[in-house]
Amino acid sequence: MQGGCNCRHVRYRLTAEPIVVNCCHCRMCQRSSGSAFALNVMIEAEHVEMAGEGAPELFEPESTDSAAQGSARCPRCATVLWGYHRAFGLDFCFVRAGTLDFSREVQPSAHFFTVTKHPWIALPGDVPAFEGLPEPHEPPPWGEAGQRRIDAVLARRAGDLPDAASEAKGRGSALSQRQVSIP
């Protein structure tokens, strides 16, 4: 899969299949996407390869809000290419599916934060939907293979995580407690 920004200055290629594709209906994704939800392609950062002359700039919000998250944007047209989730850090990219050349080929395999989804959106019955993020007792929507990929990246960076792991566990996120397996 390949994609890029509106002005085509920044081009990228995904060198592996996504871990999961999700629709996030949280208010932050609604605001940042300017739409009813963000369609995210979760993939390890090491599998996002630059394929053009330009490189994205990392945007870090100047917010004290713990929910604020960074993103990679084109320095020329400011298209958001992917975001970073606080529970995963910079090791995972949440590629905005709309920036893919053939975004119509990407189908969500989970819906998150349906408690704030717009009422006119009908969710398919065969796709897992969660009021927030999956709870620790629920199977992760990325399956066992996806969990192994997540665990492998986290194991490689384990030496860099003591403070981040404590902070993530302190927030009580289901992702940081079980599915992401931050030590």
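Visitor: Which residue in β9 is the bridge partner of E44?
Guide: This is a predicted model. Strand β4 covers residues 38–44 and β9 covers residues 92–96; five bridges join the two, which run antiparallel. The partner of E44 in β9 is F92.

Visitor: What is the strand order of the open sheet?
Guide: The sheet has seven strands, and their pairing is mixed. Its edge strands, each paired on one side only, are β6 (57–59) and β10 (110–112). From one strand to the next the twist averages 35°. The order is β6-β7-β8-β9-β4-β3-β10.

Visitor: Which helix packs on the sheet, touching β4 and β9?
Guide: The helix in question spans residues 143–156. Its direction makes about 60° with that of β4. The helix is α2.

Visitor: V153 is found in helix α2; is V153 buried or exposed?
Guide: Buried means under 20% relative accessible area. The relative accessibility of V153 is 6%, so V153 counts as buried.

Visitor: Which residues are in contact with V153, leaving aside neighbours within four places in sequence?
Guide: One of them is E44, which sits 109 residues from V153 in sequence and 7.7 Å from it in space, C-alpha to C-alpha. Another is F92, the β9 bridge partner of E44. The full set is E44, E46, D91 and F92.

Visitor: Within what arc do the buried residues of α2 fall, seen down its axis?
Guide: The buried residues in α2 are G146, Q147, I150, V153 and L154. They line one face of the helix, because their arc is 125°.

Visitor: Which exposed residues does α2 carry on the face turned away from its buried side?
Guide: Buried positions in α2 include I150 and L154. On the face turned away from the buried side, the exposed residues are E144, R148, A155 and R156.

Visitor: How far does α2 reach from its first C-alpha to its last?
Guide: The helix has 14 residues. At 1.5 Å a residue the expected span is 20 Å, and the model is close to this. The reach is 20 Å.

Visitor: Which residues have the most contacts inside the largest nonpolar core?
Guide: In soluble globular proteins, nonpolar side chains tend to be buried together. The largest nonpolar core here has 18 residues. At least two of its residues come from each of β2 (11–14), β4, β8 (80–83) and β9. Those with the most contacts inside this core are Y12, L14, V41, W82 and V95.

Visitor: How many residues make up the other core, which lies apart from the largest one?
Guide: Its members include I19, V20, A87 and W142. The number of residues is eleven.

Visitor: What is the residue in β8 that is the bridge partner of A72?
Guide: Strand β7 (residues 71–73) and β8 run antiparallel and are joined by three bridges. The partner of A72 is also among the residues with the most contacts inside the largest nonpolar core. Beyond four places in sequence, it touches residues including Y12, V48, M50, P56 and A72. The partner is W82.

Visitor: Which residue in β9 is the bridge partner of G83?
Guide: Two bridges join β8 to β9, and these strands run antiparallel. The partner of G83 in β9 is F94.

Visitor: Which residue in the hairpin of β7 and β8 takes a positive phi?
Guide: Most residues other than glycine have a negative phi. This hairpin has six residues between its strands, and the positive phi is near 65°. The residue is A78.

Visitor: Where does R8, with a positive phi near 70°, lie?
Guide: R8 counts as exposed because its relative accessibility is 55%, and exposed means over 50%. R8 lies in the loop between β1 (2–4) and β2.

Visitor: What is the relative accessible area of F113?
Guide: F113 has a positive phi near 55°. Its place is in the loop between β10 and α2. F113 is partly exposed, with a relative accessible area of 26%.

Visitor: What share of the 183 residues in the chain is buried?
Guide: The chain comes to four helices and ten strands. Of its contacts with a separation of 6 or more, 60% are between residues 24 or more positions apart. The buried share of the residues is 43%.

How values were computed: Residues are numbered from 1 along each chain as its sequence is written. This is a predicted model: local features need pLDDT of at least 70, side-chain atom pairs count only at pLDDT 80 or more; totals for chains, interfaces and linings use all residues. Side-chain values use heavy atoms; hydrogens and water are left out. Two strands pair if DSSP finds at least two bridges between them. Axes are lines fitted to C-alpha atoms, for helices over the stretch in contact, and angles run from 0 to 180 degrees between N-to-C directions. Contact means heavy atoms within 4.5 Å. A nonpolar core is a set of buried Ala, Val, Leu, Ile, Met, Phe, Trp, Tyr and Cys residues joined through side-chain atoms within 4.5 Å. Buried means under 20% relative accessible area, exposed over 50%, partly exposed in between (1.4 Å probe, protein chains only). The expected span of a helix is 1.5 Å times one less than its number of residues. The arc is that of the directions from the helix axis to the C-beta atoms.
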